[in-house]
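Work through the exercises below with the sequence and the coordinates open. Each task is followed by a solution in steps.

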There are 2 protein chains.
Amino acid sequence: MMMIENILRVGREDPTKLIHALKVGMALTLASMLYLVGPLYSGIGENAVWGVITVVVVFEATVGATLSKGVNRLIGTLCAGSLAFLLICVVDKSGRTSSAIFIGIVVFLTGTAATYLRFIPHIKKTYDYSFVVFLITFNLLAASSFRTNHVIEVTLERICTVAIGCGICLVMTLVFPDWSGSEFHNSTASKLDFLAESIDACVNKYFEDSENIEESSDDVDHIQRVYESILDSKATDDTLALHASWEPMHSTYRYKYPWEEYVRLGSVLRQFGFTVVALHACLQSQDQTPRAFPDSLKDSSTRFVKEISGTLKELADSIRDKRLLAPTLVSGHHGALKDLDDAVKSQPQSLKISEAFMALLVGMAAKLDKV
Amino acid sequence: MMMIENILRVGREDPTKLIHALKVGMALTLASMLYLVGPLYSGIGENAVWGVITVVVVFEATVGATLSKGVNRLIGTLCAGSLAFLLICVVDKSGRTSSAIFIGIVVFLTGTAATYLRFIPHIKKTYDYSFVVFLITFNLLAASSFRTNHVIEVTLERICTVAIGCGICLVMTLVFPDWSGSEFHNSTASKLDFLAESIDACVNKYFEDSENIEESSDDVDHIQRVYESILDSKATDDTLALHASWEPMHSTYRYKYPWEEYVRLGSVLRQFGFTVVALHACLQSQDQTPRAFPDSLKDSSTRFVKEISGTLKELADSIRDKRLLAPTLVSGHHGALKDLDDAVKSQPQSLKISEAFMALLVGMAAKLDKV
């Protein structure tokens with residue numbers, strides 16, 4: 001029962017996943033036609049295998065991811081095909097045993113070289129999959145060149161079927177498309193919202209009277225969200241950005257998502273998140289010590305934080321609506337910052353961490369202007 | 001030239017990568033023997049393809065990763081084989097066109113179901129690769145069942161070659177083995193060291209006289225390291241833990257790495273890292289305001305931080321030497337903590353964030369006892 005509940009929840013929370021599953025089923029059926037429809041099969045024969053494999057491996061959840069894998073697959077197959085062609089020219093001229101030894105050595109060398117190159121960070125990031133495909137295809141062609149005489153035809157047919165497989169994926173991914181760019185866009189906007197909420201929650205908690213502590217579970221919830229959605233988001237962000245970089249301008253919006261900006265914004269938000277976590281830790285340790293704040297400090301802190309979270313929410317909305325933010329809105333917090341600064345200076349015993357906060361916020365404000 | 005420099009650097013920094021590349025080359029050559037050696041080829045035939053593919057795809061840099069992929073590949077192949085067998089029994093009894101339609105529908109349904117199931121978090125984490133292999137193998141068997149009559153033999157041969165491929169990977173990965181557990185172990189120890197260094201650097205900077213600012217680039221370096229090695233380490237840690245969980249007790253050490261503890265320690269260290277980043281932000285904002293600390297506060301803060309970083313370094317060494325840490329060492333900072341606490345209380349204007357720091361440290365001390 002738990003299992004079924006889990007299974008159903010995935011589709012309920014995000015119907016695009018169900019749509020994606022249906023699209024994959026459809027693409028696989030199309031690829032199987034290479035086998036099932038007589039005229040197609042007689043043209044391609046056993047190489048139809050590669051069409052099916054390509055669809056399974058290349059078809060990813062978003063357009064950008066599919067494109068990037070498809071192009072990698074084509075590059076890998078083409079390189080392997082060319083190199084195998086050269087190898088065959090040499091093997092053709094030598095004897096049986098010597099060519100077996102020669103193939104063995106070449107397989108060893110290319111295998112070592114390609115695996116080593118995959119460790120180079122730049123290649124790993126963008127072309128890793130090309131190398132995997134290259135190794136598979138090259139080894140198969142090299143080894144089978146020893147057993148069959150028509151390797152060149154096989155190579156050409158294989159490139160064709162891989163191209164057909166990629167074509168099927170490309171067409172199917174553009175039916176009800178799911179863009180990495182738009183996923184990145186939405187996640188950036190909701191990160192801003194979470195951040196605003198949790199800053200509010202932290203500071204309100206800090207200044208509130210100690211009698212209403214029953215809210216603390218809600219507070220932990222906010223902090224948890226910050227962790228999950230912001231601090232650990234680097235890997236996800238990088239992947240989304242990489243895939244978004246493959247997506248051309250969207251036809252519906254006539255608009256390319258500024259994913260480079262989102263990456264930069266994401267790292268600023270992570271910095272912001274660190275401060276929230278530190279604030280929260282302050283909060284927990286303060287719980288034991290008696291607190292007494294002058295009203296002036298409390299008021300200016302609260303006003304300052306309201307401005308910050310207001311600006312963040314405003315920014316989230318502006319990202320969602322894809323409009324430019326008016327500079328006046330962004331600079332609203334500068335006045336509040338000055339008030340708080342005065343209050344802090346007039347009163348040494350204070351929420352010292354606000355200074356770190358301010359520094360981050362000023363940095364943030366500079367970023368906002370760029371978006 | 002830049003390119004060649006880059007290529008050489010990877011091997012110089014980490015010779016295990018070069019060794020891994022040579023191992024892959026060796027494994028591929030062994031797999032190619034299925035083609036090149038006459039008696040082997042006559043037994044297996046065209047299915048030798050799958051041995052080569054398995055080696056390329058399954059052979060990963062560490063033992064745990066290779067084992068996990070190999071087992072996944074076998075599970076996927078076995079499930080696909082069984083299901084294909086059932087399908088063939090049905091198809092055998094129906095006519096030509098109707099069986100083509102039937103295969104098409106089955107391919108669509110399994111493709112959709114398997115893709116949908118891959119989205120479930122638990123399955124995605126552990127069995128994602130099984131599903132990919134299942135889809136490829138099942139579709140190929142189902143589609144080719146329409147064209148050849150000896151699908152059952154093909155299925156059995158395919159399972160055999162996949163098993164041979166996995167066997168080659170397993171043997172080669174155990175030659176000069178590279179354990180995920182030991183990588184996790186080393187990265188945990190060096191994270192502790194980095195953390196200790198950067199805490200030292202931050203606090204020394206905070207209390208030092210403003211004339212020696214030329215050290216700041218070194219400081220930024222420390223903070224940068226904290227970022228790279230600690231804060232963004234969650235994804236890497238999770239992968240290492242997953243792979244380490246596949247590794248049985250090591251024969252050399254008679255010792256299983258306590259990777260669950262490392263995961264927990266990693267998340268505590270990340271919390272610690274947030275505090276360091278917040279401390280650093282404090283530092284930057286403080287640069288503009290005049291500073292005047294009483295010596296008593298400076299001394300006790302410095303002593304406190306020395307104790308903390310000393311404990312962290314001690315812990316790093318104890319992890320490296322695989323020995324238990326004496327509880328007296330860990331509790332050394334409690335005395336210093338009390339001193340600092342007194343100093344802070346007697347002097348309201350203070351490095352307020354230390355409180356967050358203490359809270360984290362006390363939490364940390366609790367964790368240390370478990371390691």
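A salt bridge is a side-chain nitrogen of Lys or Arg within 4 Å of a carboxyl oxygen of Asp or Glu. The model is predicted: local features need pLDDT of at least 70, side-chain atom pairs count only at pLDDT 80 or more, and totals for chains, interfaces and linings use all residues. Residues are numbered from 1 along each chain as its sequence is written, chains are lettered from A and ligands numbered from 1 in the order in which they are written, and side-chain values use heavy atoms, with hydrogens and water left out.

**Exercise 1. Salt bridges**

Task: Find which residue forms a salt bridge with B:Arg118 and where the two partners lie.

Solution:
- Step 1. B:Arg118 pairs with B:Asp128, at 2.9 Å from N to O.
- Step 2. B:Arg118 is in the loop between helix H6 (96-117) and H7 of chain B, and B:Asp128 is in helix H7, so the salt bridge ties together parts that are 10 residues apart in sequence. Helices (H or I, at least four residues) and strands (E, at least two) are DSSP runs, numbered from the N terminus.
- Step 3. Another salt bridge joins A:Arg9 to A:Glu13, with 3.8 Å between N and O. Both residues belong to helix H1 (residues 2-13) of chain A and sit four residues apart, about one turn of the helix.
- Step 4. A:Arg9 is partly exposed at 38% relative accessibility, and A:Glu13 is exposed at 61%. Buried means under 20% relative accessible area, exposed over 50%, and partly exposed in between (1.4 Å probe, protein chains only).
- Step 5. In chain B, the closest N and O atoms of B:Lys69 and B:Glu60 are 3.3 Å apart in a salt bridge. B:Lys69 is partly exposed at 22%, as is B:Glu60 at 26%.
- Step 6. Over all chains the structure holds six salt bridges.

**Exercise 2. Cysteines**

Task: Determine how many disulfides there are over all chains, and why A:Cys79 is in none.

Solution:
- Step 1. A disulfide is a pair of cysteine sulfur atoms within 2.5 Å. The count by this rule is zero over all chains.
- Step 2. The closest cysteine sulfur to that of A:Cys79 belongs to A:Cys166 and is 14 Å away, too far for a bond.
- Step 3. A:Cys166 is in no disulfide either; its nearest cysteine sulfur, in A:Cys169, is 6.3 Å away.
- Step 4. A:Cys79 is partly exposed, with a relative accessible area of 41%, whereas A:Cys166 is buried at 12%.

**Exercise 3. Two buried polar side chains**

Task: Establish which residues A:Arg158 touches and which are in contact with B:Asn139.

Solution:
- Step 1. Contact means heavy atoms within 4.5 Å. Residues up to four places away in sequence are not counted for A:Arg158.
- Step 2. A:Arg158 is in helix H8 (residues 151-173) of chain A and is buried, at 12% relative accessibility. It touches A:Asn47, A:Trp50, A:Thr137, A:Leu140 and A:Leu141.
- Step 3. B:Asn139 is in helix H7 (residues 121-144) of chain B and is buried, at 0%. Its contacts beyond four places in sequence are A:Leu28, A:Val52, A:Val56 and B:Val107.

**Exercise 4. A nonpolar patch**

Task: Identify the residues of the nonpolar patch on the surface and the helices that each supply at least two of them.

Solution:
- Step 1. Patches are made of residues with over 30% relative accessible area and no salt bridge; like charges are joined within 9 Å, nonpolar side chains (Val, Leu, Ile, Met, Phe, Trp, Tyr) within 5 Å.
- Step 2. The patch consists of A:Leu83, A:Phe85, A:Leu86, A:Ile152 and A:Leu156, with about 460 Å² of accessible area together. Areas come from the Shrake-Rupley method with a 1.4 Å probe; for residues, only the protein chains shown count as cover.
- Step 3. Helix H5 (63-92) and H8 of chain A each give at least two residues, and the largest share, three residues, comes from H5(A).
- Step 4. A:Ile152, in helix H8, is partly exposed at 39%.

**Exercise 5. Confidence**

Task: State the mean pLDDT of chain A and which residues have pLDDT below 50.

Solution:
- Step 1. pLDDT is the predictor's confidence in each residue, from 0 to 100. Chain A has a mean of 72, and 67% of its residues reach 70 or more.
- Step 2. Residues 286-290 of chain A are below 50, and this stretch has four contacts beyond near neighbours in sequence. Residues 325-333 of chain A also stay under 50, with 16 contacts beyond four places in sequence.
- Step 3. Where pLDDT is low, the predicted coordinates should not be read in detail.
- Step 4. For the complex, the predictor gives an ipTM of 0.76 and a pTM of 0.77.
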